[in-house]
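Reader: I am new to this structure and should be grateful for a close look at a single part of it. Please examine the salt bridges, and then place them within the rest of the chain.

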Amino acid sequence: MGEAIQAKQAEPPPSPALPAALARGLADLFPAGRDPDPDQRLEARLAESARQGRPLRVKLGIDPTGSDIHLGHSLLFRKLRAFQNAGHTAVLIIGDFTARIGDPTGKSSTRVQLDAAAVEANAATYLAQLGQGQPPERALLDFETPGRLEVRRNSEWLSGLDLPKVIELLGISTVGQMLAKEDFANRYGSGTPISLHEFLYPLLQGYDSVAVQADLELGGTDQKFNVAMGRDMQRHFGQRPQFGLLLPILPGLDGVQKMSKSLGNTVGLMEDPLSMYSKLEKLPDAVVEDYLTLLTDLDTTALPSEPRERQKAMALQITADRHGAAAAAAAQADAGRLVAAGLSGPGQVAGQWSAESVPEASLAGLSFPLKAFYLLSALQICASSSEGRRQIQGGGVKLDGEKLSDPNQEFSSPKELAGKVLQLGKKTFRRLVA
């Protein structure tokens, strides 16, 4: 017992003996010793798996506390897909029970608890964004190949835990271990309240590893405590401890802070090709190599050395992975025409846009009258109506060069909008057609 309390200590770097697709971009692998014991070295466990013809069970848990997945989230799903491609079983755990508690990692206060209906609605959108029902070549995960994917909800085993079992789980950890977790330590030190139910989160998340008999768990570097707790739990219940494989936290579009919707520096998986390509093409130079390594399978040594060309290759490949090669190429061409037409910055006025330089957005099928904030959502320029409202209130939306200031501004018919250009920020333009 007690491995979770050591989770912040430095570990040896990931082993170079791992296959390239599995080792690419790793930030940490634990344990990563030199012992040939397959319980201490992942490459030895992989070799054992191949000899026995038994795929490893690779766990990734997600709490559907929101409705959208962005590129920062996709790192872990890409690594999970690499294990699927290598013949192993991805065990995707929808944390429909733990989401009602909320992961305290990275939080300075207690999360608002969600109800079961909201969690399940979010879970459905997550699976769709991960590729369920989509063409396999553009799906983040392999939903098609038998034996490659298990989708489980942790309410299957957590909702039935009785009080004696909960007490047993509580006895596996200590208050000292919990307060060694950086987020709890900071809050305790500053006098910020910590609710007792928050201590349950890493215990229940760790118990997930027991329930699915995980050989390996994926997580971000901020999840090391929780992943290590899974090892403690498995050891307590007589299972072989899982390995922890951690990936970096992706910087957002500002190149400094982590990609986060609350910071407004994200690229959503469901964004249209032009918006996605344009955002990626304007990334700060300092993070382009991270994006190449973590979000593409490109051989970076074979790319041009010129930074601008490397950035364009990165933006094109990520967009192609989500929307297909043809759509990505069209987005790259459209972005070039926008720049050539002088549409990449502020200060545009009516009449400067042309049909050739701006992609169209059809108003057909929309119900009029409609409000401005809903228009942005209906045309998929914003991920939701609430985001559309925030963008307008923040001054980031223009219609034919005139800033929209009222999210409730109403348009009575398509004729009122047809032929005009709707602009979001400096990167997204749509010519509206009836």
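Author: The account below begins with the whole chain, turns to the salt bridges, and then proceeds to other parts of the structure.

The model is a predicted one. Its chain has an average pLDDT of 86, and 89% of the residues reach a score of at least 70. Over residues 8-15, however, the pLDDT is below 50, and this stretch has 17 contacts in the model beyond near neighbours in sequence. Residues 344-356 also stay under 50, and for them the model has 24 contacts beyond four places in sequence. Where pLDDT is low, the predicted coordinates should not be read in detail.

The chain contains 16 helices and 13 strands. Of its 434 residues, 50% are buried. Among contacts between residues at least 6 apart in sequence, 70% join residues at least 24 apart.

Against this background, the salt bridges can be taken up. How many salt bridges are there in the count? The count comes to 24 salt bridges. Three of the pairs are described here in turn.

One salt bridge joins the side chains of E43 and R41, with a distance of 2.6 Å from N to O. E43 counts as buried because its relative accessible area, 15%, lies under 20%. R41, with a relative accessible area of 22%, is partly exposed.

Another salt bridge is formed by E48 and R240, whose closest N and O atoms are 2.8 Å apart. Which parts of the chain does this pair link? The pair links distant parts, 192 residues apart: E48 belongs to helix α2 (residues 42-52), whereas R240 lies in the loop between α10 (224-236) and β6 (243-247). E48 is buried, at 11% relative accessibility, while R240 is partly exposed, at 34%.

In the third pair, the side chains of E309 and K312 meet at 3.9 Å from N to O. Both residues belong to helix α13 (residues 307-323); they are three residues apart and therefore separated by about one helical turn. E309 has a relative accessible area of 35% and is partly exposed. K312 is likewise partly exposed, with a relative accessible area of 25%. Elsewhere, salt bridges that share partners join D39, R45, E48, R54, D215 and R240 into one network. The pair of E48 and R240 described above thus has both its residues in this network.

Helix α13 also leads to the second largest pocket, since α3 (71-85), α12 (288-295) and α13 are the elements that give two or more residues to its lining. This pocket has a volume of about 540 Å³. Its lining consists of 26 residues, of which R78, R81, L140, D297 and D321 lie nearest the centre. The largest share of the lining, eight residues, comes from α3. By class, the lining has 12 nonpolar, five polar and nine charged residues.

Two further residues show how positions in helices and strands meet other parts of the chain. L200 lies in helix α9 (residues 196-212) and is partly exposed, at 22% relative accessibility. Leaving aside residues up to four places away in sequence, L200 touches I101, V166 and L170. The C-alpha atoms of L200 and V166 are separated by 9.0 Å, the two residues being 34 residues apart along the chain. R430, by contrast, is placed in strand β13 (residues 428-433) and is buried, with a relative accessible area of 8%. Among the residues that R430 touches, not counting those up to four places away in sequence, are D272, E360, K420 and L422.

Certain details of the backbone remain. The peptide bond from F30 to P31 is cis, with omega near -10°, and P31 is found in the loop between β1 (28-30) and α2. A cis peptide bond also joins F368 and P369, where omega is about 0°; P369 lies in the loop between β7 (360-362) and β8 (370-371).

Q213 is not a glycine, yet has a positive phi of about 55°. Q213 lies in the loop between α9 and β5 (216-220) and is exposed, with a relative accessible area of 53%. Q380, which is not a glycine either, has a positive phi of about 60°. Q380 occupies the loop between α15 (372-378) and α16 (385-393) and is exposed, with a relative accessible area of 59%.

Technical notes. Residues numbered from 1 in each chain as written. Predicted model: local features only at pLDDT ≥ 70, side-chain atom pairs only at ≥ 80, totals over all residues. Heavy atoms only, no water. pLDDT = per-residue confidence, 0-100. Contact = heavy atoms within 4.5 Å. Salt bridge = Lys/Arg side-chain N within 4 Å of Asp/Glu carboxyl O. Buried < 20%, exposed > 50% of the residue type's maximum accessible area, 1.4 Å probe, protein only. Helix = DSSP H or I, 4+ residues; strand = E, 2+ residues; numbered from the N terminus. 1 Å grid on protein atoms, 1.4 Å probe; cavity = no way out; pocket = protein on both sides within 12 Å on 5 of 7 lines; lining within 4 Å. Points joined across faces, edges and corners; volume = space filled by probe spheres on them. Nonpolar A, V, L, I, M, F, W, Y, C, P; charged D, E, K, R; others polar.
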